[in-house]
Amino acid sequence: MTVMVPSRTPALITPGQQALDSALHQLGQAAEHLGLDEGLRTMLATPRRSLTVSVPVRREDGRMDVVQGFRVQHNVSRGPAKGGIRFHPSTDIHEVTALAMWMTWKCALVGIPYGGAKGGVAVNPAELTTRELERLTRRYVNEILPLIGPEKDIPAPDVGTDEQTMAWIMDTYSVNAGYSVPGVVTGKPMTLGGSLGRAGATSRGVQIAALTALGRSPEGVRVAVQGFGKVGALAAQYLSDVGCTVVAVSDVGGAVHHAGGLDIADLRAHSAQTGGVSGYRHADAMSHDELFELDVDLLIPAALEGVITAANAPRVRARLIVEGANGPTTPEADEVLAANGTTVVPDILANAGGVIVSYLEWVQNMQAFSWSAAEVELKLRDLMQGAYGEVKSLAAEKGLTLRQAAHVIGVGRVAEAHQMRGLYP
Ligand SMILES: NC(=O)C1=CN([C@@H]2O[C@H](COP(=O)(O)OP(=O)(O)OC[C@H]3O[C@@H](n4cnc5c(N)ncnc54)[C@H](OP(=O)(O)O)[C@@H]3O)[C@@H](O)[C@H]2O)C=CC1
Ligand SMILES: O=C(O)CCC(=O)C(=O)O
């Protein structure tokens, strides 16, 4: 594909700005391929609504901390805004904007009737007690209350949040409404209207994407996973369950490696007991950087953005990368990987299982109805495999990478929605 893309800033300041720069670069490439006019490109590059809030949080010792929170609705042309809420100390408005933009293309790519959003609070949840976290979550929700709602903008879990956080969000919104509104948030506990299959949905989608991309028996396929949270740990588990050999995983505290394969269920139990993978007795410690350079067949980044860069991409030996995380590969790294013949299944396709089952949860909530685990799994599989097939065909037809093809499809569908709704009143 011949591309004219926005010039890239060499000296970037925050990881969030770097993520937004990557997202804009990817949009620029897709817009060029689609021949979108300047006005439409600007609309698609610009979030519809961005809210920055100050969130006071009363600490157990009586101290008052004030942290920043964000909710960005990137696009709502295809339906209500949808996307997770992240609690992480380095979150900023730029990162949340990039993540919201990726949600827009992701929902369009897999054909679910949503726009894209994301939220974040610049806080380290590991440093707060449960009571402090609850107070923080409720106050943040009160601050973003005018934006969210089951027909407007539906949050979900992301880094540092979980189904307990979603339960507090649902309760805070419902108390304000005066009645229970389960459809305001997805990724809820089952008892509050959660869906069977949502907890493992992103990882199940990663597994489906990985097995489809491999196109051969998973038996003996060697895997390394960066990030051992909600997405990474279950992706490792599901791949191990079908015969892959997961040789290394990492979390913030370190990486562990065992060439003969890790017992993922046992390692998950160790991590739950000790707070991390480090110190697991059936594996050796290795550095975070070494994990990316292991001689494996499949590498799954499942933590944060910008971890595969121009600096380490030349040393990546995996032939296949399946992006559990959002934005783990920079555009410069993409070029290196493509030149080296490494296939990258991009985030907006590979990790779409989460938002797909969130959509199914929301549909169930809106109809006060529930599907069985098997029904949810079937619908997830259909949507994932359908999207994968479309991306692969377009990539082959036009000579694009899977990321370029996925963006052309996602951006193209959103552009079409804008055009049909009438761009220039
Ligand atoms: N949850 C979901 O449904 C979806 C999530 N995603 C994306 O998947 C990624 C992970 O999200 P999720 O699993 O929910 O988040 P979690 O908070 O559950 O887990 C994040 C994991 O990443 C680890 N981590 C953070 N920084 C590093 C690092 N520098 N090196 C190694 N490990 C690191 C954390 O370690 P520690 O535990 O030690 O802090 C933790 O194990 C994010 O990019 C998210 O946007 C995408 C689609 C849906
Ligand atoms: O489940 C959802 O609604 C969104 C999940 C998410 O934040 C993501 O796909 O990045």
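In what order do the 7 strands of the open sheet follow one another? In this predicted model, the strands are arranged as E10-E9-E8-E7-E11-E12-E13, and their pairing is mixed. The edges of the sheet are occupied by strand E10 (284-286) and strand E13 (343-345), each of which has a single partner strand, so that one side of each is left without a neighbour in the sheet. Averaged over the sheet and with direction ignored, neighbouring strands are turned by 20° against each other.

The part of the sheet that runs from E7 to E13 can be followed pair by pair. Strand E7 (residues 222-226) is joined to E11 by 4 bridges, and these two strands run parallel; within this pairing, Gln226 has Pro301 of E11 as its bridge partner. E11 is in turn connected to E12 by 2 bridges, again with a parallel course, and here Leu298 stands opposite Leu320 in E12. Between strand E12 (residues 320-322) and E13 there are 3 bridges, and this pair likewise runs parallel, with Val345 in E13 serving as the bridge partner of Val322. Helix H6 (residues 201-214) packs on the sheet, where it touches strand E11 (298-301), E12 and E13, and the direction of H6 makes about 160° with that of E12.

In a regular strand the side chains alternate between the two faces of the sheet. In E11, Leu298 and Ile300 point one way, whereas Leu299 and Pro301 point the other way, and all of these residues are buried. Two of these residues also appear in the pairings described above, Leu298 opposite Leu320 of E12 and Pro301 as the partner of Gln226.

At the level of domains, the protein is divided into domain 1 (47-179) and domain 2 (201-350), and the C-alpha centres of the two lie 27 Å apart. Contact between them involves 8 residues of domain 1 and 6 residues of domain 2. On the side of domain 1 that touches domain 2, the residues comprise 6 nonpolar and 2 charged, with no polar residue among them.

Two ligands are included in the description of the model, beginning with ligand 1. Ligand 1 is surrounded by 27 residues, of which Gly227, Gly229, Val252, Ala325 and Gly354 are the closest. Helix H7 (230-241) and strand E8 (245-251) are the elements that give two or more residues to this shell, and the largest share, 3 residues, comes from H7. When sorted by class, the shell around ligand 1 contains 9 nonpolar, 15 polar and 3 charged residues. At least three residues of this shell are drawn from each of domain 1 (47-179) and domain 2 (201-350).

Around ligand 2 there are 14 residues, with Gly84, Ala156, Gly354, Val355 and Ser358 as the closest. The elements that contribute two or more residues to this shell are helix H3 (93-109) and helix H12 (353-366), and H12 gives the most, with 3 residues. The class composition of the shell around ligand 2 is 3 nonpolar, 8 polar and 3 charged residues. Gly354 is listed among the closest residues both for ligand 1 and for ligand 2.

Technical notes. Residues are numbered from 1 along each chain as its sequence is written. Chains are lettered from A and ligands numbered from 1 in the order in which they are written. This is a predicted model: local features need pLDDT of at least 70, side-chain atom pairs count only at pLDDT 80 or more; totals for chains, interfaces and linings use all residues. A residue is near a molecule or strand if its C-beta atom, placed from the backbone, lies within 6 Å of it. Ala, Val, Leu, Ile, Met, Phe, Trp, Tyr, Cys and Pro count as nonpolar, Asp, Glu, Lys and Arg as charged, and the others, Gly among them, as polar. Two strands pair if DSSP finds at least two bridges between them. Axes are lines fitted to C-alpha atoms, for helices over the stretch in contact, and angles run from 0 to 180 degrees between N-to-C directions. Two residues are in contact if their C-beta atoms, placed from the backbone, lie within 7 Å. Domain bounds come from an automatic or database domain assignment. A residue is buried if 20 or more other C-beta atoms lie within 10 Å of its own, exposed if 12 or fewer, and partly exposed in between; C-beta atoms are placed from the backbone.
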